[in-house]
Every structure is written in structure tokens, then in C-alpha cells.
Amino acid sequence: MKKHTKYGLLAAAFLVGLMGYSQNRNLDNFRSPDKNGVNVFEAPKDTVSTFDGIKVRVGGSSTLQFQAIDHENSGAVELIPIGDNFNLATANLDLDVALAKGVRMHLRTYLSSRHHPEPYVKGGYFQVDNLDFISPGFLEEAMKYLTIKVGHMENNYGDAHFRRTDNAQAMHNPFVGNLIMDAFTTEVGGEVYFRKNGFIAMFGLSNGKLNQAVNNPETTGASILAKLGYDAQVSEDLRLRLTGSMYSTGKSGNVYLYSADRSGSRYYLVMEDTEASTSGNFRSGRYNPGLRNEITAFMINPFVKYKGLEFFGTFETASGKADAETDDRTATQLAGELIYRFGGTENFFVGTRYNTVTSDDPSGSEITIDRFQLGGGVFLTKNILAKIEYVNQQYDGYDTTSIFHDGEFKGLLLEAVISF
């Protein structure tokens with residue numbers, strides 16, 4: 001029996017066993033993985049605790065796409081032939097455990113992903129919203145507004161990562177693909193949140209490492225994360241949110257901010273050469289500016305929802321360099337999403353996204369990548385979502401020897417998502 005098949009069967013058996021125990025219960029301070037979690041960003045801060053003993057919530061996601069995309073370039077480097085067919089089905093397993101009043105653990109395992117067909121742990125964290133487990137009433141007034149997260153976890157840089165697809169968890173993304181510069185990393189660290197009257201502030205530190213190890217201690221220093229913003233339901237029909245975020249490290253053996261997602265891109269094998277493989281070339285269609293050893297990145301995200309119409313924007317700039325470079329380089333990303341949700345419970349939606357990146361590329365070229373997405377979807381139930389997307393991505397400014405010279409891919413994707 002193949003190794004990844006054996007692990008998959010063990011994981012499935014583990015899931016079935018826990019399902020009999022947990023009954024899929026609700027938890028405090030928890031973002032729902034189904035339709036109820038759409039347009040939720042940080043997990044909400046509950047004011048009333050329902051804790052009456054340890055609760056284990058077993059959840060998961062399963063997602064499948066049909067891809068019909070064509071790609072082309074100038075012919076300087078031959079592209080791999082791709083046809084119309086189904087991609088690898090992806091799956092997640094989530095464990096969320098209420099351990100004490102206001103204390104919760106989260107653990108996500110990728111059961112199947114583009115880069116790893118075998119199960120592996122994405123990460124997890126310990127979240128504290130109440131300190132009664134230390135002593136009843138301990139810092140009670142402060143903890144009405146504070147949240148503490150510690151773990152090897154998805155770090156809270158920007159708001160775009162709350163709307164992105166995380167392997168099989170695609171319920172909260174109105175499109176099939178993520179952004180071109182897909183900011184996402186999982187590092188060991190801690191984050192402290194303060195929330196009051198719609199205002200949110202966060203400060204965090206991480207060790208800057210994706211792969212944890214104690215060797216080469218001089219190569220990587222701490223990474224600093226910060227977020228400041230405001231989120232309010234101004235009226236029954238109008239919600240406004242605006243945040244600004246920062247991620248910065250002055251010394252890293254390898255900055256992973258735009259390359260940490262090993263679950264892979266949704267656009268399989270686009271703009272790859274004839275030797276490419278689905279698992280080996282898993283970042284197809286994305287762009288990493290290659291600021292390998294030093295980086296400071298800022299992201300600003302406005303979100304406006306009026307009745308069924310919503311806008312989500314991204315302005316991002318990242319500057320830094322590799323050790324071998326003498327001068328900093330800069331990459332800038334802009335993205336705007338316009339979504340209209342309709343139906344009695346907003347079970348239907350249509351939308352469009354324009355995404356562009358301009359960058360001082362490591363090759364020395366000044367490059368531009370533009371992407372247009374048009375799509376829609378329907379929630380068949382709060383746990384089942386079907387999506388369709390048309391995508392057109394174009395490359396400009398690349399050298400004539402590059403595989404991306406005069407590059408373009410375009411076509412349709414269908415995606416089915418189950419999340420519970």
C-alpha cells in the first residue's frame with residue numbers, strides 16, 4: 001500500500017471515530033467554516049460564555065474543480081500541453097476544542113493537497129479570550145477587549161487571507177483563485193488583539209520560519225506583525241471595515257510571505273514548461289517578488305457592504321532584497337472585488353475581480369501581471385457551494401528568453417465545495 005494512501009485511510013478512520021464523539025457542536029469565539037463565516041474576518045469576541053465542559057468539534061472541507069484553461073507565450077520556452085479535466089480533489093480535517101471558559105484550540109490538517117498528496121499538519125493555535133482558568137475574575141475587565149493567540153499558525157497579515165482559499169476550505173472565497181501575490185504564511189509566534197467599539201488593534205511576533213528547526217540560529221530573526229482598523233455595522237444595511245497591516249523582518253534565511261502556501265494554486269500547470277509536474281510546480285499563476293532575506297510589507301484593505309452589494313479592496317506594497325543584492329526592490333499589488341449577493345438569504349452571488357502586480361523582478365525586468373476574474377456561485381445549503389469562474393491573466397515586461405514573455409492564460413473553472 002502506498003504511504004499517502006495508508007495515511008489517508010488512518011485519517012479517515014480517525015475522523016469517523018471522532019464524529020461519533022463530537023456531534024459537530026458550536027463553540028465560543030469561533031468563525032464558522034460554512035456560509036455563516038462569509039465576510040467574517042477575525043474570530044468574533046463573544047460576550048457570553050457557553051462553556052460547560054470540554055467540547056470537541058470535528059469539521060472539514062472537500063473541494064473539487066474542473067479546469068478548462070488554455071495558455072500561450074512567445075515560444076521562447078515551450079509550455080506544457082494542458083487539457084480540460086478534473087484536478088486533484090483536496091481535503092482538510094479541522095479539530096476545534098473548547099478547553100476552558102474562553103480557551104480554545106484549533107488544528108488543521110491537509111488530508112490531500114496539490115503539493116502533498118499525503119496528509120500533513122498545516123498548523124494550529126491556542127486562543128485565549130478569558131483568564132478564569134488561572135483564577136476566577138482574573139483580569140476580567142481587560143479580557144473583555146483582549147484576545148491572545150499563540151501557536152504555529154496562519155499569521156494575521158492583511159485581511160485578504162480571510163477571504164482566500166486554504167486548500168479545501170474555499171467556502172469564504174467568492175472566486176476560485178487567490179490573489180496573484182498571495183500573502184500567507186504559518187510561523188510560530190503570538191498575537192495580542194484589542195477590540196472595542198469597532199476598533200481593532202493587533203501586535204504580533206513570530207520566529208520568521210516556515211519549517212521549524214534549531215539549526216542555523218544566526219540566519220533568521222523575529223518577524224513583526226501589526227494591524228490597526230475599524231469595523232462597524234453602521235446601519236442595518238451598511239457595514240464598513242478598513243484595516244492597515246504590516247509584516248516586517250530584517251533578517252531571514254528565507255522569507256516565505258508569498259511562497260508559504262504548499263497546498264498550491266487553483267490554476268494547475270498554467271505557464272509551466274514541459275518538465276513540470278502538478279505537485280512540483282504547485283504555485284502556477286502566482287508571483288513571488290523574491291525578497292528573500294529582508295522584507296517590509298504593508299497591506300490596506302477597505303470593505304464596504306450595502307445590502308447585497310459588497311466591495312473588498314487590496315493595496316499592498318512590499319520592499320526588501322536578497323542578501324546578494326545591494327539595493328531594495330519593490331513590488332506593488334492592487335486588487336478590487338465587487339460582489340452582489342442576492343436571494344432571500346443571499347444564497348446566490350455574482351462578482352468580478354481585477355488584480356494587478358507591478359514589480360522590480362529579480363531578473364532585472366520591470367514586470368506587470370494583470371488578472372481579470374468573473375464568476376458566480378450558489379450555496380445549495382450552508383455547507384455546499386458551487387462556483388464558476390472565468391479567468392484571464394496576462395504578463396508584460398518579461399525578457400524575450402523568459403517563459404512568461406507575451407504570456408497569457410485564460411479559461412473556465414468549475415468548483416464544488418463542501419465545508420462543515
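**Rings, charges and an enclosed space**

Arg 341 is placed over the face of Phe 349, 5.2 Å from the ring centre. The model in which this contact appears is a predicted one. A comparable arrangement involves Arg 114, which lies over the face of Tyr 268 at 4.3 Å from the ring centre.

Aromatic rings also meet one another, and the count comes to 15 aromatic pairs. One of them joins Tyr 145 and Phe 194 in a tilted geometry, with 5.9 Å from centre to centre and 45° between the planes. Tyr 145 belongs to the loop between S5 and S6 and Phe 194 to strand S7, so this pair ties together parts that are 49 residues apart in sequence. Tyr 145 is partly exposed, at a relative accessible area of 27%, and Phe 194 is likewise partly exposed, at 37%.

The pair of Tyr 157 and Tyr 247 is edge-to-face, because the ring centres are 6.4 Å apart and the planes stand at 65°. Tyr 157 lies in the loop between S6 and S7 and Tyr 247 in strand S10, so the contact links parts 90 residues apart in sequence. Tyr 157 is buried, with a relative accessible area of 3%, and Tyr 247 is buried as well, at 1%. Elsewhere, Phe 41, Phe 162, Phe 303 and Phe 312 make up one aromatic cluster.

The whole structure holds six cavities of 30 Å³ or more, and the largest encloses about 610 Å³. Its lining comprises 30 residues, of which Arg 31, His 106, Tyr 125, Glu 154 and Phe 162 are the closest to the centre. Strands S3, S4, S5, S6 and S7 each supply at least two lining residues, and S5 gives the largest share, five. By class, the lining has twelve charged, ten polar and eight nonpolar residues.

Technical notes: Residues are numbered from 1 along each chain as its sequence is written. This is a predicted model: local features need pLDDT of at least 70, side-chain atom pairs count only at pLDDT 80 or more; totals for chains, interfaces and linings use all residues. Side-chain values use heavy atoms; hydrogens and water are left out. On a 1 Å grid over the protein atoms alone, a cavity is a set of points where a 1.4 Å probe fits but cannot get out, and a pocket is an open set with protein on both sides within 12 Å along at least five of seven lines; lining residues have an atom within 4 Å of a point. Grid points are joined across faces, edges and corners, and a volume is the space filled by probe spheres set on the points. Helices (H or I, at least four residues) and strands (E, at least two) are DSSP runs, numbered from the N terminus. Ala, Val, Leu, Ile, Met, Phe, Trp, Tyr, Cys and Pro count as nonpolar, Asp, Glu, Lys and Arg as charged, and the others, Gly among them, as polar. Rings of Phe, Tyr and Trp (its six-membered ring) pair if their centres lie within 6.5 Å; planes under 30 degrees apart count as stacked, over 60 as edge-to-face and the rest as tilted. Buried means under 20% relative accessible area, exposed over 50%, partly exposed in between (1.4 Å probe, protein chains only). A charge sits over a ring if NZ of Lys or CZ of Arg is within 6 Å of the ring centre and within 35 degrees of the ring normal.
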